[in-house]
Amino acid sequence: MGALCQRLRWRYMKHAMLVKNCYPTADGETNPRAAELSYLTFYASARPGKLTKVSAYLCNKVRRDIRKGRKVNNKVSLMILKALIQVCHHDLSLFCRSTVVILQQMVDTRDIDLIDASCDTFYVFCSYFEGSSLRSDAAFTQDFQRLVKQFAAFAVYPNDDATLSLQIKYNGHRALAAIIHASNLNTSYTLPLLTHIVPPIHTTLAAANASAWDLAKGVASIDVRTGVFDVPELNLEWIERIAAQTLSTLCSLANGTCIRSTMQALLDSFDHKDAWWPTDKCTSIMNLVFQSVQPQYRYMLLSEILHQLERPSDTPNVSQDDRLAGLVACVRMILNSDAPLLGLSVLETLNTLNTYLMSSLARHGYLCTDDAAPSTSDQQVLKQYSIQKDLVDGIVGLASQSYYSNQWNDILGYFIGRLRVSADANGAIDTIPADTYRHCCLWFVDVFQQRVMAIAKHQEQSTLQAELTVETWTPGLQLLNDTCRVTRLSFASTLIHFLSIVHEKKSLSKYRRGNVTFLNSLLKRLYAWLSMDDVRVEDAKAVYQLLMGALACYGHFGFIRCVPFIFTVQGLAQHPPRIIPPPQPAIAPTDADPLASDDATRDPTPPLPPLLYSRALASLTLEWLLHAAEQLHLPRLLVDLTKVHQERQNKQQDAPFIDWAAPLVRKNNGAQSTKQQDMNDERELKQPDAKEHVVTVWLDRPYLVQRMIAEDKLKDANEQDLQTHLAVEWDSKQYNEHERHLRITSSISRDTKPKLTPDLSPDSWQNHNEDNRQQVISVDNLKGALAAQLLGNSTNHETDESKSASVDIQLHQLLSNLQQDTATTNGHKSLSLVRPPYTPYTS
């Protein structure tokens, strides 16, 4: 009886009658009656208070129609609801819960027609929904989240009927796209919905064969308002494109808070589905996110991934190695992209990646330096290779973008600082043998320099924002005197490569600033190297090639600074301070330390005996001067040096057993290649004529210095200064004081910035003369400056006594007037430094 009374009461209420009149009465009609629907929307818009009753009645009618199987009435109900939302969208909060309940009832039918119509209505609802009710109405929030979960389940709906499965998946992604296009996406109370939206999108994209970015940009933007029956050829690729474009739209519209929520939902989805390995799928999806997000938020992606590296997954049964491989692959993808990361902390990122790289080295005992993946089916080995390779590529990728001018120097300085870390009592650095640790760092520095060179080749010199300077290497030069030969030679080889890079691409190195600290430190370290007890042929070759690299960088100036050092090396050759250590027995390798260095376990070859040591150093000095004279175009000096070289050859006093141009330690072979080279050198030294001839033909320094002074390209403004520079003893007090003549003056071509003179570029030493030096004022105090100003001559300070007396009188008068009050009794302005005295203008 109560239900009957309720039904009779609905029949005679006006809003119920208006809703009921909208339904078709004739058979075959599937749309609402237009006139009645127009009257209903006018009634609802004119009296917004009735919207709650109208929606409540419509919700009850939908429930009854679903129970009785009235499919046509349900479709008409969705059209009525859609019209009400479009007309009364300003008052949508009054009937938003009823709308969500109606849509829930429709999608629960699992009828594809009703689901498709519900998606159309849901799109209109999301277009006008502001999201305020999610914060104020807990019941509506629960209903809305339940509806979103239903659509998310439709997006990955499995069914034996392939056609029905595609249709439901399409409608599920349509609904998710409708939420993404809503204007309330970045509000804090709608962000929890991303935990339901992102996982089905990830599942769809992970199953695709093409990359996510290609799917998103392969076709024009898809209109998700198109019904499932209006799509001409619905297939799985079409659904994958919708998913890719939905995720791209989500990231492009998101702000910082939404980016973090999206990343968290995406990474959690990777964890729950254990989709980190193979890494191509996760990097494909992450690349879509990175390319779609706004430029100012891109660095947040990298920060979130680095944070995930430090935080283990809370999801059970997730392989930590798989997760690490996937995260590192995403880092490599981001850092090697062409898009800049504004706001990126370069050194913090570098330190994090290097820490994980060294941890991997300590855990596995080796570093994967090959470009090709190992040919094995062992997944653990492949994962380890992927982790190390991506970490290396990620750090090297920091060079792909120049965020500030000193960035490359900071990266190199970081690794050089790591090279200088002292080993502990066990000879290890971070549980890694010191020589292995340093060898890996040096190999990495070399790889980084190759990336920098590749970038420089593709950019104009004027567009290079970052630079490399030789001064960055100065703190690490102490490694040239390391007790481990492999470390010495590896560092020398890497430094030689760097010097060749800056010589080939001069825009990378600003050695033209006049800083000679690096050159002086290098010469001191080379002298200490040659003075060691275990000098071999490879050591002499390393010293020679480092000197050639310094010559290529510093040009004529470097030649003049190195000449005293060359003759000092000749003094070592004439009086070799050799102490031959007794041979040490070979140390058999043990299984206790798998990271033991090859340099400690191999049979050491004997160092050069005094006679061959003398011949090697004598040949080094002559070869360097010969190549320097040829490179700097010094014909007179070249003729004299050629004669000395020919005389030594005739007397068999040269060193044919040394190939000065041959490369040093080959990369990736470590101490084993050094051992093989030493064995080859030892066979050369055992030749019959290798130990028979003592060097008697030496370079005549006074004569060669005179010949150098005669060279036009070495002439300075003051010939006496050039002779002093060439004839001074190396590392003496006078030699070290010669660099103090550098003064900061204005550039000749540009007056905007001061620079150091003389210019150290190879092509500017010969042009440095007295005529192009800018004249400066040399005064001791303000008194002299005022005196020079009064005289009107700022360059000549050697005046006669009468003029000096006149200046003193004028200066005394000027300084006394400064103490007077600014206002004088006669009405005229007082004397001022800012405004000198003048004759007032009178009309």
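**Close-up views of a predicted model**

**Figure 1. Lysine 61 lies over the face of tyrosine 23, in a model that is predicted.** The distance from lysine 61 to the centre of the tyrosine 23 ring is 4.4 Å. A second charge over a ring is found where the charged end of arginine 561 sits over tyrosine 735, at 4.3 Å from the ring centre.

**Figure 2. The chain in overview.** Before the closer views, here is the setting: the chain has 33 helices and four strands. Of its 843 residues, 50% count as buried. Among contacts between residues at least 6 apart in sequence, 76% join residues at least 24 apart.

**Figure 3. Phe122, Phe125, Phe559 and Trp624 in the largest nonpolar core.** This core holds 235 residues, and these four touch the most other members. Helix H24, residues 537-574, gives the most to the core, with 23 residues. In soluble globular proteins, nonpolar side chains tend to be buried together.

**Figure 4. Phenylalanine 122 and an aromatic cluster.** Which residues join phenylalanine 122 in one aromatic cluster? They are Phe125, Phe129, Phe140, Phe144, Phe151, Phe154 and Tyr157. Leaving aside neighbours within four places in sequence, phenylalanine 122 is in contact with two phenylalanines of that cluster, Phe144 and Phe151. Its contacts also include Leu103, Leu147, Ala175, Ala178 and Ile179.

**Figure 5. Tyrosine 544 and tryptophan 660, a tilted aromatic pair.** A search of the whole structure finds 19 aromatic pairs. In the one shown here, the rings of tyrosine 544 and tryptophan 660 are 5.2 Å apart, centre to centre, with 50° between the planes. Tyrosine 544 belongs to helix H24, whereas tryptophan 660 is in the loop between helix H27 (635-650) and helix H28 (671-685), so the pair ties together parts that are 116 residues apart in sequence. Are the two residues buried or exposed? Both tyrosine 544 and tryptophan 660 are buried.

**Figure 6. A salt bridge between aspartate 113 and lysine 71.** The count for the structure comes to 24 salt bridges. In this one, the side chains of aspartate 113 and lysine 71 meet at 2.5 Å, N to O. Aspartate 113 lies in helix H7 (residues 112-128) and lysine 71 in helix H5 (residues 71-87), so the pair ties together parts that are 42 residues apart in sequence. With a relative accessibility of 23%, aspartate 113 is partly exposed, and lysine 71, at 32%, is partly exposed too.

**Figure 7. Salt bridges that reach helix H29.** Aspartate 640 forms a salt bridge with arginine 707, and their closest N and O atoms are 2.6 Å apart. This pair links aspartate 640 in helix H27 to arginine 707 in helix H29 (residues 701-710), 67 residues apart. Aspartate 640 is buried, with a relative accessible area of 8%, whereas arginine 707 is partly exposed at 25%. Glutamate 729 and arginine 701 also meet in a salt bridge, at 3.5 Å, N to O. Here glutamate 729 comes from the loop between helix H30 (719-727) and helix H31 (733-737), while arginine 701 is in helix H29, 28 residues apart. Arginine 701 is buried, with a relative accessible area of 14%. Elsewhere, Arg485, Arg488, Asp534 and Asp539 are joined into one network by salt bridges that share partners.

**Figure 8. Helix H17, with 13 of its 16 residues buried.** With that many residues buried, H17 is largely enclosed by the rest of the structure. How far apart are the end C-alpha atoms of this helix, residues 320-335? They are 22 Å apart, which agrees with the 22 Å that 16 residues should span at 1.5 Å a residue.

**Figure 9. Leucine 166 of helix H10 and its partners.** Helix H10 covers residues 162-180. Not counting residues up to four places away in sequence, leucine 166 touches Leu234, Asn235, Leu236 and Ile239. The C-alpha atoms of leucine 166 and tryptophan 238 are separated by 9.7 Å, though these residues are 72 apart along the chain.

**Figure 10. Backbone details in three loops.** The peptide bond from tryptophan 277 to proline 278 is cis, with omega near -5°. Proline 278 is placed in the loop between helix H14 (256-273) and helix H15 (279-292). Threonine 431, in the loop between strand S1 (428-429) and strand S2 (432-433), has a positive phi of about 65° although it is not a glycine. Threonine 431 counts as exposed, at 63% relative accessibility. Histidine 633 has a positive phi as well, near 60°, and lies in the loop between helix H26 (610-631) and H27. Its relative accessible area of 53% makes histidine 633 exposed.

Methods
Residues numbered from 1 in each chain as written. Predicted model: local features only at pLDDT ≥ 70, side-chain atom pairs only at ≥ 80, totals over all residues. Heavy atoms only, no water. Helix = DSSP H or I, 4+ residues; strand = E, 2+ residues; numbered from the N terminus. Expected span 1.5 Å × (residues − 1). Buried < 20%, exposed > 50% of the residue type's maximum accessible area, 1.4 Å probe, protein only. Core = buried A, V, L, I, M, F, W, Y, C linked by side-chain atoms within 4.5 Å. Contact = heavy atoms within 4.5 Å. Phe/Tyr/Trp six-rings, centres within 6.5 Å; stacked < 30°, edge-to-face > 60°. Lys NZ or Arg CZ within 6 Å of the ring centre and 35° of its normal. Salt bridge = Lys/Arg side-chain N within 4 Å of Asp/Glu carboxyl O.
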